Amino acid sequence: MPELKSCPFCGGKPVLITVMDGNKWYSCHNINCKIRPSTPMSKDINKAIEAWNKRRKISERGH
Ligand SMILES: [Zn+2]
């Protein structure tokens, strides 16, 4: 399993949450985090982790 990177905006650990429709998300719940990004969790946990890690790269380049 690829390593889940910490939140690119606050350095906190993302948590796995389940929303009302049953879908799971990786989300930053740090109250001090300005962005609190979340990435949808697919059935494949490896793809979800990849997506989260990719978000980190995009944000580093974009801002
Ligand atoms: Zn954060």
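**A tour of the predicted β-β-β-α model**

From the N terminus on, the elements of the protein follow the order β-β-β-α. The model is predicted, and the protein contains 1 helix and 3 strands. With the whole chain of 63 residues displayed, note that 13% of them count as buried.

Begin by selecting residues 15-18, which form strand β1, together with residues 24-27, which form strand β2. These two strands run antiparallel and are joined by 4 bridges. Two residue pairs illustrate the register. Select valine 15 and, opposite this residue in β2, serine 27. Then select isoleucine 17, whose bridge partner in β2 is tryptophan 25.

Move next to the connection between the two strands. β1 and β2 form a hairpin, with 5 residues between them. Within the turn, select glycine 22, which has a positive phi of about 95 degrees.

Now add residues 38-41, strand β3, to the selection. The resulting view shows an open sheet of 3 strands in the order β1-β2-β3, paired in antiparallel fashion. β1 and β3 are the edge strands, and each pairs on one side only. If direction is ignored, neighbouring strands of this sheet are turned against each other by 30 degrees on average. In general, the strands of a sheet pair through backbone hydrogen bonds, in either a parallel or an antiparallel manner.

Finally, return to the full chain and consider its contacts. Among contacts in the protein with a separation of 6 or more, 33% are between residues 24 or more positions apart.

Notes: Residues numbered from 1 in each chain as written. Predicted model: local features only at pLDDT ≥ 70, side-chain atom pairs only at ≥ 80, totals over all residues. Pairing = 2+ DSSP bridges. Buried ≥ 20, exposed ≤ 12 C-beta atoms within 10 Å, placed from the backbone. Contact = placed C-beta atoms within 7 Å. Axes fitted to C-alpha atoms, helices over the stretch in contact; angles between N-to-C directions.
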